[in-house]
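Here is a short report for a first look at this structure. It starts with one residue and works outward.

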Protein chains: 2
Amino acid sequence: MELGQHISQRYNEELEDIRNKVLKMGGIVESRSENAIKSLLTRDTALAKSVIGSDTIVDLMEVDIDDDCIQMIARRQPAAGDLRLVFAVGKVITDLERIGDEAEKIASYAKKLAKKKAVGGMHAELAHLSELALQLLHDTLDAFARLDDQQAVTIITKSAKINQEFNSLSRLLITHMMEDSGNIKNVLRITWCARSLERIANYSVNISEHIVYLVKGKDIRHANIDEVLSEYFDDENHALEL
Amino acid sequence: MELGQHISQRYNEELEDIRNKVLKMGGIVESRSENAIKSLLTRDTALAKSVIGSDTIVDLMEVDIDDDCIQMIARRQPAAGDLRLVFAVGKVITDLERIGDEAEKIASYAKKLAKKKAVGGMHAELAHLSELALQLLHDTLDAFARLDDQQAVTIITKSAKINQEFNSLSRLLITHMMEDSGNIKNVLRITWCARSLERIANYSVNISEHIVYLVKGKDIRHANIDEVLSEYFDDENHALEL
């Protein structure tokens, strides 16, 4: 029994180490995303350059955490319930790494756009979409830190809002292209940035789905969202508020 | 010893079952991708509709295979080397599922585009990019079926070609938008399809990286590609041919 407790204690410590590493990786990815978006909105070439090519640390962390997960399973041989958690961590870090890639893409376009004449009239919309995407990423990392499955479900419901915003910005970009066909290339660059923002939001939603799975052991990745919501919220208005 | 062999035999059987399920899932995803692209190129609304909303089976397979992996680890408690394989399978199926999502996006745009006047003059380029992306997906599934890490590495080197083709098509699309600004919305839809094709290729490359990892136990996801190539090909020309 004592040995059992000892193993369990060591297991929990190793799990905590892995969780801390994921949080550290998440913090770096969030900061890179913030800087990429800031460089786009403020046309700051130096900031954009600082984001480009500096994702080696994120890449290495993904490999390192994967290895930690495998070593821990091999040593501690956890039961199916705990394995689910470790498996979910493996998928969370892949999505985090890809958010980092999207940040890099935004910074690359920001660098190109900063050299050109500003495309006017859509700054507010782009800033709004950026804010939504960054908030979703932040809330996701927060939900992971606290293993808060209720917050993770709330994030999943918010993703529809992001898609609406993206569609609305897309319409604006099309209007711009039609009115100023000489500037299509730059408007298209902004379109790619908007697409990357949408993808950052989508990856955050994927991570939130993994969080619900690792907390509840329930796979909601492809479940009916209404069923999931009705399970989480007694009061229907709660979901409608979002 | 006999017991050990027995466990190992059962382990191999279960691993083989999982591998067969992944191949089946891959076959479905490949066929969905082919149909989506065919519906786009031939403006076939019925075919596009058959792809849209029919990905439930792929979603369920992802959940099912994940569960098989976890149950097998819990029962057989494989060593770190074999765990790497199972962990890689978990990531392969996530990428397969996302290829299925991109196929669905292409089919949705195909359905919309089939109702509009055809956008002329880029069919050959779009068909060429489609062919490259589908070939990359096919070769990737083939490399997984045969656990052929050398083929997987070859696929990784081919991805640069896809990105070149995508950029070349993008330039053509921009020219089209500038010349026919009344049709920007439809050209943009084709642009989104091209982006999805590029993503199908990128996900295939991700899967190929997982294949090298699961065969060799070496994480090449973020390794220097030149180092990886020099390890695989003595003859430098081999890489240059691609």
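## A residue in a loop

M122(B) sits in the loop between α4 and α5 (123-145) of chain B. The model is predicted. How buried or exposed is M122(B)? There are 17 other C-beta atoms within 10 Å of M122(B). A buried residue needs 20 or more, and an exposed one has 12 or fewer. M122(B) is therefore partly exposed.

Which residues does M122(B) touch, leaving aside those up to four places away in sequence? They are L172(B), L173(B), H176(B) and I190(B). V187(B) is 65 residues from M122(B) along the chain. The C-alpha atoms of M122(B) and V187(B) are separated by 9.9 Å.

## Two helices side by side

I190(B), a contact of M122(B), also belongs to the set of α7(B) residues that meet α5(B). These two helices pack with their axes 9 Å apart. The angle between α5(B) and α7(B) is about 20°. Angles under 35 degrees count as roughly parallel, so α5(B) and α7(B) are roughly parallel to each other. Their crossing is left-handed.

The α5(B) side of this contact includes L126(B), L129(B), S130(B), L136(B), T140(B) and F144(B). On the α7(B) side, the residues include A194(B), L197(B), I200(B), S204(B) and I211(B). What classes of residue make up the contact of α5(B) with α7(B)? It has 15 nonpolar and 4 polar residues. No charged residues take part.

## Where the chains meet

Chain B also touches chain A. The contact involves 27 residues of chain B and 27 residues of chain A. Which elements of chain B give two or more residues to this side? They are α3 (56-76), α4 (80-114), α6 (149-179) and α7 (184-216). The largest share, 8 residues, comes from α3(B).

By class, the side of chain B that touches chain A divides into 14 nonpolar, 6 polar and 7 charged residues.

## How the copies are related

Two copies of a chain are related by a rotation about an axis and a shift along it. Here, a rotation of 180° superposes chain B on chain A. The shift along the axis is 0.0 Å, and the RMSD is 0.0 Å. That is the relation of a two-fold axis.

Why do the copies meet through the same surface? Because 100% of the interface residues of chain B are also interface residues in chain A.

Conventions: Residues are numbered from 1 along each chain as its sequence is written. Chains are lettered from A and ligands numbered from 1 in the order in which they are written. This is a predicted model: local features need pLDDT of at least 70, side-chain atom pairs count only at pLDDT 80 or more; totals for chains, interfaces and linings use all residues. Two residues are in contact if their C-beta atoms, placed from the backbone, lie within 7 Å. Helices (H or I, at least four residues) and strands (E, at least two) are DSSP runs, numbered from the N terminus. Ala, Val, Leu, Ile, Met, Phe, Trp, Tyr, Cys and Pro count as nonpolar, Asp, Glu, Lys and Arg as charged, and the others, Gly among them, as polar. Copies are superposed by least squares on the C-alpha atoms of residues with pLDDT of at least 70 in both. Axes are lines fitted to C-alpha atoms, for helices over the stretch in contact, and angles run from 0 to 180 degrees between N-to-C directions. Angles under 35 degrees count as roughly parallel, over 145 as roughly antiparallel, 65 to 115 as roughly perpendicular and the rest as oblique. A crossing is left-handed if the near helix is turned anticlockwise from the far one by less than a right angle, and right-handed if clockwise.
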